[in-house]
Amino acid sequence: MKFFIDTANLAQIQEANDLGILDGVTTNPTLMAKEGIKGTEAIAAHYKTICEMVDGPVSAEVLGTTFEGIVEEGKNLAAIHPNIVVKVPMIKDGIKAIKWFTDHGIKTNCTLVFSAGQAILAAKAGATFVSPFIGRIDDGSWDGVQLIEQIVNIYNTQGYMTEVLAASIRNPLHIVRCAEAGADVCTCPLSSILGLLKHPLTDIGLQQFLTDAKAMQ
Ligand code: E4P
């Protein structure tokens, strides 16, 4: 399973990249706004910086909701850097635009996916990635990971090439469960990635080894 980081914060991207396990980045308008990025030029410059930091797909979301608007914006985003993946919402015009991007060799990430039916449509349109939001599903007391399992199963059965990108990750256990469910990619906040490091027995064991190591010197 590939690891993407779900943020537009450059320090966090750098920290995850320094671990050597980062495969890509996803952003969304909320994450970009949080970093104070405003205006077309600043947005493009920020995406370019991220692409120069991380060697892998960088999802940049369109802000429009009409077919023409999404296509126009997506073409401009894709021109920023070869690693840009155009992130398109799961709406009727979004699906039409994903098909257009597929036909024109532009990679896409179909976002805001909450059902298997939506994931089938995204795959039929040729999306490079499909992003089911598992944390937001869990927030409503449904099981987000179950949706990942279902989509992985459908894609395997049907031979769809779209990669299942588990999004809206809230904790390290989500990452483990998505790996078990066969997700191709997990996009995570830095805190969830770092949470994978933690185990009290590791800390206790290391403390003991460090103490005993003193006796060897
Ligand atoms: C996915 O690409 C989205 O950017 C993100 O994972 C949404 O996460 P949230 O539900 O924590 O906002």
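**Ligand site and pockets in a predicted model**

**View 1. Polar contacts of the ligand.** In this predicted model, an N or O atom in the side chain of Arg-170 lies 2.7 Å from an oxygen atom of the ligand. A polar side-chain atom of Arg-136 is also 2.7 Å from a ligand oxygen atom, and for the side chain of Lys-87 the distance from an N or O atom to an oxygen atom of the ligand is 2.6 Å. A polar contact is a pair of N or O atoms within 3.5 Å; within protein, one must be able to donate a hydrogen and the other to accept it, and residues adjacent in sequence count only if both atoms are side-chain atoms. The protein buries 85% of the 350 Å² that the ligand exposes when taken alone (Shrake-Rupley method, 1.4 Å probe; for residues, only the protein chains shown count as cover).

Residues are numbered from 1 along each chain as its sequence is written, and side-chain values use heavy atoms, without hydrogens and water. Local features need pLDDT of at least 70 and side-chain atom pairs count only at pLDDT 80 or more, while totals for chains, interfaces and linings use all residues.

**View 2. The shell around the ligand.** Asp-6, Asn-28, Lys-87, Phe-133, Arg-136, Ala-167, Ser-168 and Arg-170 surround the ligand (a residue is near if one of its heavy atoms lies within 4 Å). Four residues of this shell are charged, two are polar and two are nonpolar. Ala, Val, Leu, Ile, Met, Phe, Trp, Tyr, Cys and Pro count as nonpolar, Asp, Glu, Lys and Arg as charged, and the others, Gly among them, as polar.

**View 3. The largest pocket.** The ligand sits in the largest pocket (more than half of its atoms lie within 2 Å of the grid points). A pocket is an open set of points on a 1 Å grid over the protein atoms alone, where a 1.4 Å probe fits, with protein on both sides within 12 Å along at least five of seven lines; lining residues have an atom within 4 Å of a point. Of its 21 lining residues, Asp-6, Asn-28, Leu-31, Arg-136 and Arg-170 lie nearest the centre. Helix 2 (residues 29-34) gives the largest share of this lining, three residues (helices are DSSP runs of H or I, at least four residues, numbered from the N terminus).

**View 4. The second largest pocket.** About 290 Å³ of space lies in the second largest pocket (the space filled by probe spheres set on grid points joined across faces, edges and corners). Among its 14 lining residues, Ile-43, Tyr-47, Leu-63, Glu-73 and Leu-77 are the closest to its centre. Helix 3 supplies the largest share of the lining, four residues.

Terms used
Helix = DSSP H or I, 4+ residues; strand = E, 2+ residues; numbered from the N terminus.
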